Amino acid sequence: MFLLGAVFLTGCNSLVDEDMSDCGDKLDLGYELQLVTNMRTEIKTVLDLQADLQVATVLEEHLGEVFTDFAHDVDLSFYDTAGDMARLEHLDVVMNASQSSYSLLIPARPYMHTCVANLDTDPNVTLEDADYCHSARLVQHLAVKDTADAHLSGIFTARKRMDIISGIDQRFDVSLYMVNAATALVLDMTDAPGVKDLKVFLRGLADGFRLADSTYTFDTDYVVRTKLLATEAGSTERCYVSTHFPSRDVDPATKAVIDIEDPDGDKYSGDPLWYWDVYATMEDGSVTKSTLEVHSPVHAAQLKAVKGKVHANGSMSTEDPYVGASVELDWEPGKEHDIEM
């Protein structure tokens, strides 16, 4: 824990013993990142065979850099609670901790306070339209065309109403929760010696997050790249992992659930909620496209892992009851997304 002295008001640029009565009231803020995730449980449940041990190990090591309650930086905003809820005060702080305390001088009045952690470490997501509380949102940016890179960090947010009373030293504790998620597709290549290359992308994920009401937006149709994790030579399994915003929920009206361990259990949707697209390039240059239709949501702070098998013709299948598969042999680019392969 450490203490940061900060002054917002013009002309109040010191915390020495001079008269600071016109500078505002002292406010102590305590911030703590709350990471509640199924990551390790999901890996142990899905990758439960001895043959999965190597992939399970590298997957947990890779995601350990994302699913961590550590904030490099925090963006702090204080909004008016009336009218158009304009931003009245703003501060960027390097935190480098899982919890920290700050002492501020701020005019006494009611505020709606929002904060976002780890934006400086992830160029794929930015905070935009933050001059007003109701428009402040996190936005997913595309790397090329309609293709986005995976997130590099766990992104945490919080909002809290604060009524600052004049003449009273007050303290507010703020808990930040993770708003992005991760997926892992583990493919058994034993029966597919003729597959020269595999590319895996995701579709159906949120493209933004509104801080004021903790809801996700789905305004654009884009795809997300995955990363092939390195495994030992001779391994018959490949693991494609990505970090991104969550999918739609079964109930579209449901707000983000980011503070409980298992928000849905085995919740099932009759319609697919999100997708993996797997492109298998064969030795003759032809491409087989398999689409995995996932009927259960992936929520914030959650990992969804699925095991599948790639067959001799490049098609793939899975025994996961919440995932359906469709196959298109001799697939040609340009039929759907203009994906940057």
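## Report on a predicted protein model

In this predicted model, pLDDT stays under 50 over residues 255-264, a stretch for which the model has 25 contacts beyond four places in sequence. A second stretch, residues 1-21, also has pLDDT under 50 throughout, and the model has 44 contacts beyond four places in sequence for it. Where pLDDT is low, the predicted coordinates should not be read in detail. For the protein as a whole, the mean pLDDT is 88, and 86% of the residues reach 70 or more.

**Overall make-up**

The protein has 341 residues, and 51% of them count as buried. Its secondary structure consists of 2 helices and 23 strands. Among contacts with a separation of 6 or more, 74% are between residues 24 or more positions apart. The accessible surface comes to about 15,500 Å², and carbon and sulfur atoms account for 47% of that area.

**Helix 1 and its neighbours**

Helix 1 spans residues 39-46, and its buried residues are Met39, Glu42, Ile43 and Val46. These four lie on the same side of helix 1, because they cover an arc of only 100° around the axis. Lys44 and Thr45, on the other side of helix 1, are exposed. What do the buried residues of helix 1 pack against? Their partners are helix 2 (53-63) and strand 21 (303-310).

**Strand 21**

Strand 21 is itself mostly covered, with 6 of its 8 residues buried. Strand 21 pairs with strand 12 (residues 181-188) in the parallel sense, over 7 bridges. Within that pairing, Val186 has Lys307 of strand 21 as its bridge partner. Strand 21 also runs antiparallel to strand 22 (residues 316-317), to which 2 bridges join it. Here Val310 stands opposite Met316 in strand 22. The two strands, 21 and 22, form a hairpin with 5 residues between them. In the turn of this hairpin, Gly314 has a positive phi of about 90°.

**Two open sheets**

One open sheet is made of 4 strands in the order 7-8-14-15, and its pairing is antiparallel. Its edge strands are strand 7 (125-128) and strand 15 (215-217), each of which pairs on one side only. From one strand to the next, the twist in this sheet averages 25°. Strand 7 is joined to strand 8 (residues 137-140) by 4 bridges. In this pair, Thr126 stands opposite Val139 of strand 8.

Another open sheet has 6 strands in the order 9-16-13-19-20-23, and its pairing is mixed. Which strands stand at the edges? They are strand 9 (147-148) and strand 23 (323-328); each has a single partner strand, so one side of each is left without a neighbour in the sheet. Inside the order given, strand 13 (residues 195-203) runs antiparallel to strand 16 (residues 223-225), with 3 bridges between them. Arg203 stands opposite Val223 in strand 16.

The table sets out the strand pairs described above.

| Strand pair | Direction | Bridges | Opposite residues |
|---|---|---|---|
| Strand 7 and strand 8 | antiparallel | 4 bridges | Thr126 and Val139 |
| Strand 13 and strand 16 | antiparallel | 3 bridges | Arg203 and Val223 |
| Strand 21 and strand 22 | antiparallel | 2 bridges | Val310 and Met316 |

**Residues with positive phi**

Most residues other than glycine have a negative phi. Asp129 has a positive value, with phi near 55°. Where is Asp129 placed? Its place is the loop between strand 7 and strand 8, the two strands that are joined by 4 bridges. Asp129 is partly exposed, and its relative accessible area is 42%.

Asp330 also has a positive phi, near 50°, and is a residue other than glycine. Asp330 belongs to the segment after strand 23, and strand 23 is one of the edge strands of the sheet of 6 strands. Is Asp330 buried or exposed? Asp330 is exposed, because its relative accessible area is 54% and the cut-off for exposed is over 50%.

Technical notes
Residues numbered from 1 in each chain as written. Predicted model: local features only at pLDDT ≥ 70, side-chain atom pairs only at ≥ 80, totals over all residues. Heavy atoms only, no water. Buried < 20%, exposed > 50% of the residue type's maximum accessible area, 1.4 Å probe, protein only. Contact = heavy atoms within 4.5 Å. Areas by Shrake-Rupley, 256 points an atom, 1.4 Å probe, with all protein chains shown as cover. Arc of directions from axis to C-beta. pLDDT = per-residue confidence, 0-100. Pairing = 2+ DSSP bridges. Axes fitted to C-alpha atoms, helices over the stretch in contact; angles between N-to-C directions.
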